[in-house]
Amino acid sequence: MAKKDLDARETSGLPEKGRVSGDIAAFVKKVGALARPNAAQDGRLLFALDATMSRQPTWDLACSLQAEMFRAIPKQSALQVQLLYFRGFGECRASRWVIDGDALARLMGGIDCRGGNTQISKVFSHARAEHTKQRINAVIYVGDAMEENVDLLSEQAGQLGLLGLPIFVFQEGRDAAVEAAFRGFAKLSKGAYARFDASAPQELAALLKAVAVYASGGRKMLKLQDSNQAKTLLAQLPP
């Protein structure tokens with residue numbers, strides 16, 4: 001991967017499978033006339049993923065689906081996305097901000113998963129640092145494990161909530177302890193939690209689209225999305 005594409009600081013194009021479904025196409029058409037309250041300001045979304053070794057199948061899935069985040073937003077709106085991942089022994093890196101799916105696919109395509117422990121604390125710290133420089137509208141975190149101090153992570157999540165930065169936590173698998181922690185992070189940050197099955201890629205695709213819509217236009221746009229995943233997320237968000 002080119003050095004310019006990924007920020008080497010430690011932060012203490014795969015094609016879409018199939019065509020866009022009819023309901024998503026109808027949704028995009030329905031909200032096409034809506035723009036952000038401040039149309040001059042792009043929505044900003046931090047897309048954070050666990051890239052430890054167990055995550056390779058889901059990383060490949062996310063690579064194939066990420067472009068749908070950009071396709072789901074109205075034409076008049078814009079979305080900037082930054083990729084953040086951790087893997088190996090203490091490695092946690094953030095990309096530059098990109099504004100299209102092809103650029104994000106190139107970034108993701110050059111990364112392989114490596115063994116290591118989770119580094120969710122670094123994800124939350126990076127999100128806070130970026131948000132203080134320029135507002136981020138939402139954080140997506142995709143993972144299947146939590147190997148850190150849950151109380152410390154909960155405090156960090158709560159701080160993000162106080163700053164108005166919600167975390168949308170998507171869990172693969174059914175580990176009950178991980179679910180309890182992930183649900184807590186989402187609630188404390190005033191975000192939302194959902195579980196997905198990697199064998200059903202449409203579930204993750206719908207979740208990514210829903211958060212992209214939220215980051216681009218807030219609750220107003222998310223309310224117009226008809227997927228069950230969007231409704232699940234919306235029900236958890238504060239009014």
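A polar contact, as I shall use the term, is a pair of N or O atoms within 3.5 Å, where within protein one atom must be able to donate a hydrogen and the other to accept it. With that in place, I can take the first example from this predicted model: the side chains of Lys122 and Gln119 are joined by a polar contact of 3.0 Å.

Lys122 lies in helix H5. Is this lysine buried or exposed? The cut-off for buried is under 20% relative accessible area, and Lys122, at 18%, is therefore buried. Other residues of H5 are buried as well, among them Ile120, Val123, Phe124, Ala127 and His131. As for the geometry of the helix, H5 covers residues 120–133, and its 14 residues should span 20 Å at 1.5 Å a residue. The C-alpha atoms at its ends are 20 Å apart, in agreement with that expectation.

Let me now step back to the whole chain. The protein chain contains nine helices and seven strands. Of its 239 residues, 55% are buried. Its accessible surface is about 10600 Å², and carbon and sulfur atoms account for 52% of that area.

A word on confidence is due before the details. The mean pLDDT of the chain is 84, with 82% of residues reaching 70 or more. Two segments deserve caution. Over residues 1–5 the pLDDT stays under 50, and the model has nine contacts for them beyond four places in sequence. Over residues 23–40 the pLDDT also stays under 50, and here the model has 34 such contacts.

I turn to the strands, beginning with E3, residues 79–87. How many of the residues of E3 are buried? The count is nine of nine, so this strand is largely enclosed by the rest of the structure. In a regular strand the side chains alternate between the two faces of the sheet. In E3, Leu79, Val81, Leu83, Tyr85 and Arg87 point one way, while Gln80, Gln82, Leu84 and Phe86 point the other way, and all are buried.

E3 has two pairing partners to discuss. With E2 it runs parallel, and eight bridges join the two strands; one of the pairs matches Arg44 with Gln80 in E3. With E4 the pairing is antiparallel, over six bridges. Within that pairing, Gln82 has Trp97 as its bridge partner in E4, and Val81 has Val98. The hairpin of E3 and E4 has three residues between the strands, and Gly88 there takes a positive phi near 60 degrees. E4 itself, residues 91–98, has six of its eight residues buried, so it too is largely enclosed by the rest of the structure.

At the start of strand E2, which covers residues 43–50, we find Gly43. With 0% relative accessibility, Gly43 counts as buried. Its C-alpha atom is separated by 7.4 Å from that of Gly217, although the two residues are 174 apart along the chain.

Next comes helix H4, residues 101–109, whose buried residues are Gly101, Ala103, Leu104, Ala105, Leu107 and Met108. At the start of H4, a side-chain oxygen of Asp100 reaches to within 3.1 Å of the backbone nitrogen of Asp102. Which residues does Ala103 touch, leaving aside those up to four places away in sequence? They are Arg96 and Val98. Ala103 is buried, at 5% relative accessibility. Its C-alpha atom stands 9.3 Å from that of Ala67, which is 36 residues away along the chain.

A further pair of strands is E5, residues 138–143, and E6, which run parallel and are joined by five bridges. Val139 stands opposite Ile167 in E6. Strand E6, residues 167–172, is mostly covered, with six of six residues buried. Both of its faces are covered: Ile167, Val169 and Gln171 lie on one side, and Phe168, Phe170 and Glu172 on the other.

I close with a backbone detail. Lys190 has a positive phi of about 65 degrees although it is not a glycine. Where is this residue found? Lys190 is in the loop between helix H7, residues 176–188, and strand E7, residues 192–196. At 42% relative accessibility, Lys190 counts as partly exposed, whereas Lys122, with which I began, is buried.

Terms used:
Residues numbered from 1 in each chain as written. Predicted model: local features only at pLDDT ≥ 70, side-chain atom pairs only at ≥ 80, totals over all residues. Heavy atoms only, no water. Helix = DSSP H or I, 4+ residues; strand = E, 2+ residues; numbered from the N terminus. Expected span 1.5 Å × (residues − 1). Buried < 20%, exposed > 50% of the residue type's maximum accessible area, 1.4 Å probe, protein only. Areas by Shrake-Rupley, 256 points an atom, 1.4 Å probe, with all protein chains shown as cover. Pairing = 2+ DSSP bridges. pLDDT = per-residue confidence, 0-100. Contact = heavy atoms within 4.5 Å.
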